Amino acid sequence: MRILLIGPPGAGKGTQAVRLASYLSIEHISTGDLFREHIDQGTELGQSARPHMRAGLLVPDEVTIGVIEERLARPDTERGFLLDGFPRNLAQAEALDGILADSQLPLDAVLVLEIPEARVVRRIAGRRLCRRDREHVFHVDHSPPEVAGACDVCGGELYQRDDDREATVRKRLEVYRSETAPVVEHYQAQGLVTAISALGHVQEVLDRALVAIGHGQVDTSGTSSC
Ligand code: ADP
């Protein structure tokens, strides 16, 4: 399957993306994670992405589209992929449409996680990530680690992303509204979008997502096709 997962910061996109991709045995591709890896490795690309990320702004399209093009060209994407955080504006959506048309690999679904903005800042402020593996995500209130500051899975140190500060989160929300909301409309016009409520427990949201893509039990609460 080839799926896009779209949603504002704080909707739990990353959390759901890891679970969905693992359930479907497809690659989880997060542009945010790819950029953070580049930053950690001190690459030139990481250095050019960093100031944009710290300011809560989008990394320029020529950089981002290049990263995705290179990632989608790897053979492990043949069995399918879930894109988390891409495309984030119309130019990226059009570039992706072009890449997929060239390889004759149409998208199967676009899932949009919805959450009231008032909930976002609280969710993000408590988010902690593991330094050893960013897919190990905790929340100081909702899913605290057993030992404060340490990852339950591997013992790695937990830290807060430097773009998770309140002012930056507000900027990211603004960017989502102005740049990413039109991407949802773009895929609505192609009949691919299912909107899912991002409220509730991780497993509840995951169940809604699985139903939306034709897996799992039918429970229509919290989903709507558009
Ligand atoms: P979130 O969805 O919670 O904001 P991400 O990890 O997806 O977190 O993204 C973090 C930051 O990485 C974004 O604010 C942006 O600066 C950069 N980024 C990620 N994906 C893209 C993209 N597709 N285009 C441009 N910038 C991106």
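## The ligand and its polar contacts

A backbone N or O atom of Leu57 sits 2.6 Å from an oxygen atom of the ligand. That counts as a polar contact, meaning a pair of N or O atoms within 3.5 Å. Two more involve nitrogen atoms of the ligand: a backbone N or O atom of Gly85 lies 2.9 Å from one, and a polar side-chain atom of Gln92 is 2.9 Å from one. With the protein in place, 96% of the 550 Å² of accessible area that the ligand has on its own is covered (Shrake-Rupley method, 1.4 Å probe).

Before going on, a word on what you're looking at: this is a predicted model, where local features need pLDDT of at least 70 and side-chain atom pairs count only at pLDDT 80 or more, while totals for chains, interfaces and linings use all residues. Residues are numbered from 1 along each chain as its sequence is written, and side-chain values use heavy atoms, with hydrogens and water left out.

## The shell

Which residues are the closest to the ligand? Lys13, Thr31, Arg36, Leu57 and Arg172, out of 19 that surround the ligand (a heavy atom within 4 Å). Helix α2, residues 31–41, gives the most to this shell, with four residues; helices here are DSSP runs of H or I, at least four residues long, and strands are E runs of at least two, numbered from the N terminus.

By class, the shell splits into seven nonpolar, five polar and seven charged residues. Ala, Val, Leu, Ile, Met, Phe, Trp, Tyr, Cys and Pro go down as nonpolar, Asp, Glu, Lys and Arg as charged, and the others, Gly among them, as polar.

## The cavity

Rolling a probe the size of a water molecule over the atoms shows where empty space is left. On a 1 Å grid over the protein atoms alone, a cavity is a set of points where a 1.4 Å probe fits but cannot get out, and lining residues have an atom within 4 Å of a point. One cavity of 30 Å³ or more turns up. The largest cavity holds about 60 Å³ of space, and its lining includes Lys13, Gly85, Phe86 and Tyr176. Elements giving two or more residues to that lining are β1 (2–6) and α7 (166–188).

## The second largest pocket

A pocket is an open set of points with protein on both sides within 12 Å along at least five of seven lines. The second largest pocket has about 290 Å³ of space. Of the 13 residues that line this pocket, Arg36, Ile39, Asp40, Tyr159 and Asp162 lie nearest its centre. Helices α2 and α3 (44–54) each give two or more residues to the lining, which has three nonpolar, one polar and nine charged residues.

Key. A polar contact is a pair of N or O atoms within 3.5 Å; within protein, one must be able to donate a hydrogen and the other to accept it, and residues adjacent in sequence count only if both atoms are side-chain atoms. Grid points are joined across faces, edges and corners, and a volume is the space filled by probe spheres set on the points.
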